Amino acid sequence: MAQLQRPSQLLHPLENKKTNAQYLFADRTCHFLVHLLSTLGFRRVLCVGTPRLHELIRLTAADDKKYDIKSLLLDIDSRYSQFYMEDSFCHYNMFNHHFFDGKAALDVCRAFLQEDEGDGVIMVTDPPFGGLVEPLAITFKKLIAIWKEGQSQDNSHKELPIFWIFPYFFESRICQFFPSFAMLDYQVDYDNHALYKHGKTGRKQSPVRIFTNIPLHKVILPTEEGYRFCPLCQRYVSLENQHCEHCNSCTSKDGRKWKHCFLCRKCVKPSWIHCSICGHCAVADHSCAGPRAGCFICGNSDHKRSTCPNTCLSRGANKAVRKQKQRKSNKMKMEATKGQSMNQTSVIRRKKRRERVHQYLCS
């Protein structure tokens, strides 16, 4: 019975990195999130791609009658339908906002988001790190639109609270689509990932963080795990993240102490140096030429490859090259096959010759 309540531990995680690799929260991260959600006063949690968080919320609610939080799981793994009813699990693809069970599943999600006029609900999502930020942002905005349908006119300015769990180096992309988001210093770690582990130092530590539109001063990070409250920034940061008086902010993103570059007028990673040729800080062994700006087809800087007028010519040239390679490959295969057939013929001829000699000697 206990195993059935923890299906993420019973089922073997999918490990095809090209399609649907599954990395599951460590217990440390799950218990932190459950405690944080309860502290912030949320009563419903929409778990998008976070099965282990979903099951811990249900377990906590079953064990503690005072813990009044409900959870709905949206996940691509259809195996969870064996463990949850339709009102607590929807087979869902977060990259194209597709409910595999159609309108019935969509109605379940809509009712969950719009309950109590959308009050007391938060969305927690942990997308695959190989996925593009743009389609994920489009999907999350569709879920936000569903939540807003249940809002009254007086609450039209409110935002759906969100925890988006993603590596810190996607910060600029996420904030491009959600300007109200900010990044927490909390390191998210996973049970079945060799690298994304809490407690390691330097570049070996987990790069996964939490992006949220909840005011950062409300999110309390555990001091026993090495987090402190910065009174100047009014938020919790890691101990290594020192406040820069020039930037007026705790600037570190990866848990290391960053240094301020007066030429760049910002803090940079400790291993970076200022390059007088490039005019900005970069790694010591970088190429000053850098990536070519503009179009990769014709080289012009006034447009990108997708809008290049020479795209058709480039595609034609690439197609010709592919055809030439295919013809060469086919020719090599034919020569190999021909060589094999010739070898087989010579073997047969030698065998027949030996048989004739044997017959002659015996006669």
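Helix axes are lines fitted to C-alpha atoms over the stretch in contact, and angles run from 0 to 180 degrees between N-to-C directions. Helices (H or I, at least four residues) and strands (E, at least two) are DSSP runs, numbered from the N terminus.

The structure is a predicted model, in which local features need pLDDT of at least 70 and side-chain atom pairs count only at pLDDT 80 or more, while totals for chains, interfaces and linings use all residues. Residues are numbered from 1 along each chain as its sequence is written, and side-chain values use heavy atoms, with hydrogens and water left out.

**Exercise 1. Describe how helix α3 (residues 27-39) and α4 cross.**

Step 1. The axes of α3 and α4 come within 10 Å and cross at roughly 60 degrees.

Step 2. Angles under 35 degrees count as roughly parallel, over 145 as roughly antiparallel, 65 to 115 as roughly perpendicular and the rest as oblique. The helices α3 and α4 are therefore oblique to each other.

Step 3. A crossing is left-handed if the near helix is turned anticlockwise from the far one by less than a right angle, and right-handed if clockwise. For α3 and α4 the crossing is right-handed.

Step 4. Contact means heavy atoms within 4.5 Å. On the α3 side, C30, H31, L33, V34 and L37 make the contact, and on the α4 side R52, L53, L56, I57 and T60 do so.

Step 5. Ala, Val, Leu, Ile, Met, Phe, Trp, Tyr, Cys and Pro count as nonpolar, Asp, Glu, Lys and Arg as charged, and the others, Gly among them, as polar. The contact of α3 with α4 has seven nonpolar, two polar and one charged residue.

**Exercise 2. Describe the crossing of helix α5 (residues 103-114) and helix α6 (residues 133-149) in the same manner.**

Step 1. The axes of α5 and α6 come within 8 Å, at a crossing angle of roughly 60 degrees. That makes α5 oblique to α6.

Step 2. The crossing of α5 and α6 is right-handed.

Step 3. From α5, the residues L106, C109, R110, L113 and Q114 meet L143, I146, W147 and E149 of α6. By class, this contact has six nonpolar, one polar and two charged residues.

**Exercise 3. Check the length of helix α4 (residues 51-63) and of α6, and state which of their residues are buried.**

Step 1. The expected span of a helix is 1.5 Å times one less than its number of residues. The 13 residues of α4 should span 18 Å, and its end C-alpha atoms are 19 Å apart, which agrees. For the 17 residues of α6, the expected span is 24 Å and the end C-alpha atoms are 24 Å apart, which agrees.

Step 2. Buried means under 20% relative accessible area, exposed over 50%, and partly exposed in between (1.4 Å probe, protein chains only). In α4, the buried residues are P51, R52, L53, H54, E55, L56, I57 and L59.

Step 3. In α6, V133, L136, A137, T139, F140, L143, I144, I146 and W147 are buried. The elements against which they pack include β1 (44-48), α5 and α7 (171-177).

**Exercise 4. Locate E117 and R265 and state how accessible each is.**

Step 1. Most residues other than glycine have a negative phi.

Step 2. E117, in the loop between α5 and β5, has a positive phi of about 55 degrees. With a relative accessible area of 49%, E117 is partly exposed.

Step 3. R265, in the loop between β13 (259-261) and β14 (266-268), has a positive phi near 60 degrees. At 73% relative accessibility, R265 counts as exposed.
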